[in-house]
Structures are given as C-alpha cells and as structure tokens.
Amino acid sequence: MDLSDWSFQEQGILELTGEWRIFWEELLEPGDISPSQGSQGYEAGGSAAVFEMPGTWNSWRHNGNPVGGFGFATFALDLTFPPDMSRASLWIPNPSTAYSLWINGRLVAKSGDVGTSPETSRPHYRMDTVTFDVPRGTTSIVAQVSNYHHRRGGMWKPLKLGTPDQITALDSTETMYDIFLVGSFLTLAFYNLVVYRNRKNPAALLLGIMFITMSVRVAVTGNMLVSRLIPDFPWVLQLKLEYLSAPLVFLIFIRLIESVYPRYLPRWVTLPLTFLIALDILVVLLVPVLTYSRIVIVYNLIKSLILLVITLRFAVAALRGAREAWAMIGAVTMFLLITLGETFHYSEILLSRDFAPLGFLLSLLNIPVSNEIYLNLITTGITLAGMVAIGNTLAVSVSKALHRIEPRLEPIDFSTLTAEFGITPRETEILNQVALGKSNKEIGGILFISEGTVKNHLYSIMRKLKVSNRTEIVLRLQRESPTKGEGVRHSPSER
C-alpha cells in the first residue's frame with residue numbers, strides 16, 4: 001500500500017482495507033516473510049494468497065476450498081509512508097479470537113494466545129492503540145490470528161492508521177461514547193430504583209434492572225471498557241454477558257408493554273414469548289460460547305417474527321382509534337430493528353458497532369407521555385444532563401493526560417536471566433538480537449554464525465525459559481524489563 005501521496009493532516013485517518021497477504025495455517029514471524037514485490041511477490045515459508053480486509057475467513061476459500069471459522073493464519077501488509085512523516089499510530093480492533101501483531105519486526109500488540117489448536121490457543125478481546133517510528137522505506141505489518149472458540153474467525157474490523165494525535169482523538173471519542181452510555185444508563189437505573197423504593201412502582205423496578213443490564217452490555221461491547229479496566233477479564237464471561245443482555249432487556253421490555261397495555265398483548269402472545277426468552281437465557285448460561293454463537297441467529301429470527309406480530313396488533317388497534325397504540329408501534333418497531341440489526345451482524349451481512357443500547361433507550365422514549373414510565377425518564381433526563389456534561393469533561397481531561405504519559409523504557413537486565421536460568425554469554429547476544437526483531441538469518445550474519453547454530457541456541461533458550469516460540473521469548477523479556485530505545489508503546493489502559 002503506497003501512502004506517499006496521502007496527507008493525514010488533510011485527508012484524515014486511513015482504514016487499512018483492501019488486499020493483504022494471507023498465509024493460511026502458517027504462523028510466520030516478520031523475519032520469515034520477504035517484502036512483497038508486486039502482486040506476485042509472495043515469498044515466505046509457504047504459499048501466500050490474497051485476503052480482502054476487513055473480513056472473516058468463514059466464507060474465504062483457500063485453494064478453492066472454504067476454510068470455515070476455525071483455523072489460524074498470518075496476515076502481512078507493506079506500507080510506504082509520506083516522506084515527511086516520522087511517527088504514526090495504529091488503532092487495532094479485536095480480531096477473532098486471538099492475535100499477535102508486529103510493526104517493523106517488533107511485537108507491539110497481543111490479545112490472547114495464538115495457537116494451532118483449541119488446546120494451544122486462548123481467546124481474548126481487547127481494543128488497542130500503538131505508536132511507532134516510521135522508518136525510511138517500507139513499514140511492514142505482520143499479524144498472526146487464530147480462532148477455535150467462536151463461530152466467526154479472522155480480522156472482521158479494519159485497522160486504522162493516522163498520526164498519534166488523530167488516533168488518540170479517535171480512541172478517546174470511542175471510549176467517551178461508551179462512558180457516556182454507561183454513565184447515562186447507571187444514572188437512569190439509580191433514579192428508577194429510588195422511585196421503586198419510595199413508591200413501590202413495579203414499572204420503575206423493571207426499568208432499573210433494564211438500565212443496569214444495558215450498562216453492562218455497553219461495557220463488554222463497543223470499545224470494550226471492561227477489558228481496558230481489567231485487562232485479564234475472562235473472554236467467556238465477556239461474551240456471555242453480551243449474549244445475556246439482549247434477551248434480558250427484551251424480556252423486561254415485553255413485561256413493561258404488558259403492564260401498560262394488557263389488552264393489546266393477550267396471554268397467548270406473552271406466555272410463549274416469555275418461555276422463549278427464558279429458554280434463550282438458560283441456553284446462554286449452560287452451553288459453550290461457540291455453540292451459542294451458532295444458534296443466536298435462530299433466536300433472533302424467532303424474536304423478530306414475534307415482534308412483527310406485536311407491531312401488527314398495535315397497528316390494528318391504532319387503525320381502530322386507539323391513539324396511544326401509535327406510540328407503541330414506534331417503540332416495538334425500534335426493538336424489531338435492533339433485533340434485525342443483531343441478526344445481520346451475527347450473520348456477517350452487516351459488521352458494525354453495537355448500537356443496540358442506544359436503540360433500547362430510543363424505544364423507551366416512544367412510550368406515551370401520560371404514562372408514569374415516561375415521566376420517570378423525563379425527570380431523569382433533566383438530572384442526567386448536568387451529570388453527563390461534568391462527567392464527560394472530566395473523562396476527556398483524564399484521557400488526554402493519559403495519552404501524554406510516556407512508558408518508561410529501560411535496558412533489559414540480562415544478569416537476572418543469567419543467574420536464574422543459566423543463560424550463556426552467546427545466548428545473551430542472541431537474545432539482544434531477538435529483542436530487536438531480527439530474524440534467524442539476520443542474527444547469523446551479525447554474529448558470524450550459521451542459521452542452524454542460531455536455531456540451536458534459540459532452542460536452548462526456550463528450554464531454559466520454559467517458552468515455546470520467539471513470541472513468548474519477547475514477551476518474557478518485556479516482563480523482565482522493557483527494551484531500551486524504540487520500545488513498544490501500549491495503550492493508556494496498560495500503563
């Protein structure tokens with residue numbers, strides 16, 4: 001990708017969409033991949049093909065055969081930056097379901113453990129940003145991705161490239177949107193629970209539970225606040241909370257409609273619907289994430305049909321002169337659109353940000369003004385406006401301050417490794433070059449030894465450090481002490 005004529009200041013952030021090289025069922029590192037030379041320059045340890053980014057590999061074909069959702073691959077892209085650009089930043093969404101990413105031979109981001117089987121891989125979701133120096137010539141991006149724990153595999157969201165200030169602003173905006181929603185929903189929940197405590201209004205209790213559920217959904221989706229606050233938050237719990245939130249909100253919403261307009265929703269409609277949603281919740285709790293990720297589309301289609309029936313019943317009532325039914329048509333239609341949107345999302349027809357929580361809130365605003373639920377929302381909104389303004393102003397200030405913090409970069413203390421693990425002087429020299437991102441061939445040329453000798457030393461180092469590959473060696477070195485010089489720059493949440 002030639003960006004020589006791209007002006008980041010004038011044209012803005014660039015999504016790294018289009019053709020990437022893909023090495024299917026090969027976990028290659030930067031030193032194992034030669035720079036591309038036109039459309040035919042795919043040299044590596046195996047045969048590379050072309051993959052259209054972003055996308056899942058579920059429907060992608062390798063040698064004419066569909067690969068499905070499970071598997072592992074290495075993606076590679078070479079960039080040429082504008083000559084006057086010295087530093088850049090990359091916004092990295094969450095590939096499914098584990099990845100490691102290198103820029104110019106340096107491991108800069110990692111989520112979960114990339115593996116070649118369910119036993120050797122560990123899924124994890126986390127958004128990340130990295131800042132790096134732009135060298136003269138070509139900048140290479142290499143990403144290993146594996147998936148054995150979800151129906152969908154691959155890099156289904158685009159990586160975004162820009163100046164450090166642009167990526168900082170993007171990440172802050174995305175985070176602030178989620179903080180705004182979480183703060184709003186928690187405020188609404190608190191207010192309605194207080195109303196329930198004082199007035200014993202069942203509708204207020206339902207609304208309080210609904211808003212708590214919606215705040216949880218925001219925290220585990222979107223920019224994934226939960227994994228930023230708790231980097232090791234369990235992936236399974238994160239996915240189950242996402243899957244549980246939709247049926248819980250759906251169930252509460254139906255109960256609210258039933259309590260407000262019982263004559264429009266007879267028992268023969270609400271009972272089967274309640275049973276279906278309860279079954280959905282039970283399945284989420286009991287079955288593995290992989291199994292539910294395959295059947296969630298079926299549940300959403302069934303719920304869409306039921307919502308369509310409810311919409312038609314309100315439409316008939318409205319045509320017969322029931323004015324309040326017109327507002328409920330808007331509320332139910334909003335829920336129908338949310339359910340259809342989730343169906344399209346899980347079916348990979350439309351891969352987008354999760355706007356369901358905002359849609360839930362908009363659907364409630366369609367409830368008639370004469371109803372006490374609506375009055376609760378209006379009163380809460382007035383209180384919320386001031387709190388959100390103050391809270392977001394503080395959050396933006398804190399975010400900018402965090403982005404100005406630079407990580408401490410110190411030399412690796414190899415004496416500790418030598419004393420604890422018996423690393424020899426020659427192995428220390430090998431480790432220095434590995435930390436700089438050098439390939440086995442490059443290390444051999446620098447130290448005037450054969451590539452086979454380098455591999456033997458690496459095998460000895462891995463055995464002593466009890467790791468299994470170069471990636472784990474680098475991570476072990478980073479845990480001992482960050483590399484001096486142009487080190488890896490992590491997102492503020494990791495500092």
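## An exposed leucine

Leu286 counts as exposed, because its relative accessibility is 64% and the cut-off for exposed is over 50%. The model is predicted. Leu286 sits in helix α6.

Leu286 also belongs to a nonpolar surface patch. Its partners there are Phe275, Leu279, Leu282 and Leu285. The patch covers about 520 Å².

## Two nonpolar cores

The largest nonpolar core holds 55 residues. Met210, Ile310 and Phe314 touch the most other members. Helices supply this core: α2 (164-199), α3 (202-220), α5 (235-260), α6 (267-286), α7 (289-319) and α8 (324-346) each give two or more residues. Helix α6 is thus named twice here, as a contributor to the core and as the place of Leu286.

Another core lies apart from the largest one. This core has 35 residues. Among them are Trp57, Val67, Leu79 and Ile103.

## The open sheet

Six strands form an open sheet. Their order is β3-β2-β7-β12-β9-β10, and the pairing is antiparallel. The edges are β3 (49-53) and β10 (106-111), each pairing on one side only. From one strand to the next, the twist averages 25 degrees.

Inside this order, β7 stands next to β12. Strand β7 spans residues 71-80, and strand β12 spans residues 138-147. The two pair in the antiparallel sense over 10 bridges. At one position, Leu77 has Ile141 of β12 as its bridge partner.

Terms used:
Residues are numbered from 1 along each chain as its sequence is written. This is a predicted model: local features need pLDDT of at least 70, side-chain atom pairs count only at pLDDT 80 or more; totals for chains, interfaces and linings use all residues. Side-chain values use heavy atoms; hydrogens and water are left out. A nonpolar core is a set of buried Ala, Val, Leu, Ile, Met, Phe, Trp, Tyr and Cys residues joined through side-chain atoms within 4.5 Å. Buried means under 20% relative accessible area, exposed over 50%, partly exposed in between (1.4 Å probe, protein chains only). Helices (H or I, at least four residues) and strands (E, at least two) are DSSP runs, numbered from the N terminus. Patches are made of residues with over 30% relative accessible area and no salt bridge: like charges are joined within 9 Å, nonpolar side chains (Val, Leu, Ile, Met, Phe, Trp, Tyr) within 5 Å. Accessible areas come from the Shrake-Rupley method with a 1.4 Å probe; for residues, only the protein chains shown count as cover. A salt bridge is a side-chain nitrogen of Lys or Arg within 4 Å of a carboxyl oxygen of Asp or Glu. Two strands pair if DSSP finds at least two bridges between them. Axes are lines fitted to C-alpha atoms, for helices over the stretch in contact, and angles run from 0 to 180 degrees between N-to-C directions.
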